[in-house]
Amino acid sequence: MNNFFSCVLENQNVFEEITNAIILVDHEGRVKNINERAIQLLNIPIEQAIDKPILEVYAESKLMDTFKTLTVDHDVSIVINGRHCITSRIPVFEGGKPVGAIAIFDDVTKYEALNEKLKADQSEMVILKSILELAYDGILVVDLNGNITMISNAYKRFLGLEDDEVIGKHVTQVIPNTRMHIVAKTGVPEINDFQEIRGDYMVATRIPYYVDGKQAGAIGKVIFRNVSELHNINKKYTKIEQELRNLRSEISSIHKAKYTFEQIITSNDQMNKLKHQAKKIAYTKSNVLIQGESGTGKELFAHAIHQESNRHDMPFISVNCAAIPEQLLESELFGYEKGAFTGADKNGRIGKFELADLGTIFLDEIGDMPLQMQAKILRVLQEGEVERVGSNRPKQIDVRVIAATNRNLLEMVEAKQFREDLYYRLNVINLKIPPLRDRKEDVMLLSKHFIDQLNQQDHGKVRGISEKAQFLLSHYQWQGNIRELRNIIERAYNIMEGDDFIQPYHLPAFMKTTELDYTGEPLKHMMEIYEKKLLLERLIYFKGNKTKTAGDLGISRMALHTKLEKYDLR
Ligand SMILES: Nc1ncnc2c1ncn2[C@@H]1O[C@H](COP(=O)(O)OP(=O)(O)OP(=O)(O)O)[C@@H](O)[C@H]1O
């Protein structure tokens, strides 16, 4: 026995190193050794333990039973001072004789706490999995790298995929248009975003999640109350979208741009440069201001720009600002709500700007736009929104504006007749179309072009223009530009009988100044002869319509009347 105890006493440090609590008693049941852990467990001072009878140290001890019965007890569950321990007791022998007994205690209380937590975690996991299995919504979890770690059954069903096709995959490989990997990286939540997944639309919410205060990934949810409901919503949405597309294309086919750059006929360098420039800017959304005299082809350019742009499938809406009475202009441009004013259509009406949404609006004669209206147009250009008359709900629109005028807008700005801010908003790209008299080379080219067009309608009856007529056409001043040229060619074409070529006598008298024979009369008289001839010619051309004749000659109806009286032409 001395050997054993001396060995234990000499190696007290080993005794202390053991992580379990240990009590050693001799054959009389006196405590011969007890380590620090046992002292803590029994909660007594060490001096009240050494050499004291074991039952004084620990009243419930069974060590003396072990000694007496010489039996070994393994892994007995007991409670000491509220701590749950597993104890083993064994008799100690020396030289084949029993000399004492030893008890070892393992405090398992902390393992129990851990076990409890583990159980709780496991049940949370089970609950979470059940939620993922039962939820109608699509739920998805990704880690920091954007790889999928969890997905709900409904989402898998919706995607038509199995676990092994989803879990561990990068989210972009599984879900089109996803932004989950972005939220997992940035940590910026995205709430109620509209997302298209395989042709279906749904509302997606993505939020980052944290473990121990550090971002660990993102959780995403796409809402569909139940899949069949989602299907119905989708069907309705797709139908409405299709109807909208049909309506848009119907509007576009009614309001179509009619001309392309190929139809702008010219051999003039300046014009070719303009065409090139306009083609280049067609692809941008910049506003365009086209300036030039009446009839030079401003509207043609506006059509061609729209046709060349990526908006060509969308409406091209043309508005002649000078032709609409001032009091109607606002409702024409912006539309009105039902009952906005007396006489208003009871269903309300869409305005030209809204009609041109996603397309182009062409504001012709912008210089004739009243100042008050200019302010409203400026707002559309600045804010990109329109408000119908009688409404207080502005609507976002995406419209490209091309404006045109034959007036000098800069002078109008100086005279405070045109808003400077609007001028600069419109004048982002400026195209100045030269008058026909500054591009003489185009006169014959255009004349032939118009004859070709007329021949196509009339089975090719005219072969060309005689030299004399060419001379007259080339030397004319063309105040009305290409429109005037077109009219004169058309008129000649229509009055031709039996001729293959347009001759001077097919052209209006006012062009034939060289045909006036000088009779030696004073200038005033010669001018009167010319004036009379001219009046007669134009009257015949307009089939006696005095308003048109006066307009054509640039004089008032009253002045025309006086002159007709003077020359006895009534
Ligand atoms: N380069 C061209 N090639 C072929 N036709 C042209 C050309 N330029 C103009 N035209 C024709 O001339 C006519 C007048 O053109 P357009 O209406 O575009 O002129 P505008 O400058 O807009 O006139 P306004 O200022 O009076 O509105 C149209 O019939 C158009 O087709």
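**Exercise 1.** Find which helices each supply at least two residues of the shell around the ligand.

*Solution.* Start with the helices: α12 and α20 (481–495) each supply at least two shell residues. Helices (H or I, at least four residues) and strands (E, at least two) are DSSP runs, numbered from the N terminus. This is a predicted model, where local features need pLDDT of at least 70 and side-chain atom pairs count only at pLDDT 80 or more, while totals for chains, interfaces and linings use all residues. Residues are numbered from 1 along each chain as its sequence is written.

Next, look at the shell itself: 18 residues surround the ligand, each with its C-beta atom, placed from the backbone, within 6 Å of it. The closest are Ile265, Gly297, Lys298, Glu299 and Ile482.

**Exercise 2.** Work out why the ligand lies between two domains.

*Solution.* Domain 3 (261–432) and domain 4 (441–566) both give residues to the shell, so the ligand lies between them. The domain bounds come from an automatic or database assignment.

**Exercise 3.** Describe the sheet, and then the helix that packs on it.

*Solution.* First, write down the order: five strands form an open sheet, β12-β15-β18-β11-β19, with parallel pairing. Two strands pair if DSSP finds at least two bridges between them.

Now check the edges: β12 (316–320) and β19 (429–432) each have a single partner strand, so one side of each is left without a neighbour in the sheet.

Then zoom in on one pair: β11 (residues 288–291) and β19 share four bridges in the parallel sense. Here valine 288 has isoleucine 429 of β19 as its bridge partner.

Finally, add helix α12 (residues 298–308), which packs on the sheet and touches β11, β12, β15 (360–364), β18 (400–405) and β19. Contact means C-beta atoms, placed from the backbone, within 7 Å.

How values were computed: Contact = placed C-beta atoms within 7 Å. Axes fitted to C-alpha atoms, helices over the stretch in contact; angles between N-to-C directions.
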